[in-house]
Amino acid sequence: MITSTSNPIIKQIRKLSQRKERRETGTFFAEGVRIVGAALEKQWQFDTIIYSPELVKADFANEIIEIARKKSIPLTEVSADVFQTLSGKDNPQGIGAVLQQQFASLEKLSQSYGNWIALFEAADPGNVGTIIRTADSAGFNGVILVGDSTDPFDPNSIRASMGSIFAIEIANITLEDLKRIRTAGRYTIIGASDKATINYRGYDYPKDLILFMGSERQGLSPAAIELCDEMVSIPMVGSADSLNLSIAGGILMYEVFNQQHETSHRRGG
């Protein structure tokens, strides 16, 4: 058992709270019974599972540890004090993991079908994590981060995704990459803007589409709008001048879901 907070392994894991370290190592730290369990179920690559016997209370957490032993996944046992220094929670569940990042390649995107949601320069990791969770729930293939976006493996994004980050594809591409995908003609790109004249419920969403949404502050840039085949808007009648990105993304994704599934699901019916 590791009992020193200055242990080199522990110090390295703590560094994963920094985006620079995650980028350089290609790894990230995920915490919590549900999240580690989801990564195990989806067969992500683990560097190690970290746990504190003093803090582990849930039966499922103990099951995860036993499954990890059987699968020969490295286990790192630590004291409660050491785990507290790794945790982002007030009452940690005593289990976390260091995992390898996974991104869908541009080639895979270009050859895939189905629905995706793309976020242009999204800055808030909590929004990204929530959109990942909603995309999973609405049956989307995954989330495409375009341009200078936040890190989907940020602890806040991981936490907001509630494990869905392990269930769907995540891509990180440039605007030029998206242009090449559009040129290939496989997807219809539907942009969202408060200036668009088409109500989002008045548009018939085709299969194999990319919903394209802008950053929290600036929305889609003119260059991004040029890549869209059509633009839709979500009407607002109150005093608010914008919607939270994850809320707007959820509204649009479930409109696509409703239209593309049986008639009884359409328009909330």
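Contact here means heavy atoms within 4.5 Å. The structure is a predicted model, in which local features need pLDDT of at least 70 and side-chain atom pairs count only at pLDDT 80 or more, whereas totals for chains, interfaces and linings use all residues. Residues are numbered from 1 along each chain as its sequence is written, and side-chain values use heavy atoms, with hydrogens and water left out.

**Nonpolar cores**

- The largest nonpolar core (buried Ala, Val, Leu, Ile, Met, Phe, Trp, Tyr and Cys residues joined through side-chain atoms within 4.5 Å) has 53 residues. Buried means under 20% relative accessible area, exposed over 50%, and partly exposed in between (1.4 Å probe, protein chains only).
- Ile 117, Val 143, Phe 166, Tyr 205 and Leu 211 touch the most other members of this core.
- Helix α3 (residues 33-41) supplies the largest share of the core, 6 residues. Helices (H or I, at least four residues) and strands (E, at least two) are DSSP runs, numbered from the N terminus.
- Leaving aside residues up to four places away in sequence, Leu 211 touches nine-membered surroundings that include Trp 116, Phe 140, Ile 190 and Met 253.- Another core, of 21 residues, lies apart from the largest one and includes Val 146, Ile 173, Ile 181 and Met 231.

**Helix α9**

- Asp 177, Leu 178 and Ile 181 are buried in helix α9 (residues 175-184).
- These buried residues fall within an arc of 100° seen down the axis of α9, so they line one face of the helix. The arc is that of the directions from the helix axis to the C-beta atoms.
- Their cover includes α6 (106-111), β7 (169-173) and β10 (209-213).
- Gly 185, just after α9, takes a positive phi of about 80°.

**Leu 243**

- Leu 243 lies in the loop between β11 (230-233) and α11 (245-260).
- With a relative accessible area of 38%, Leu 243 is partly exposed.
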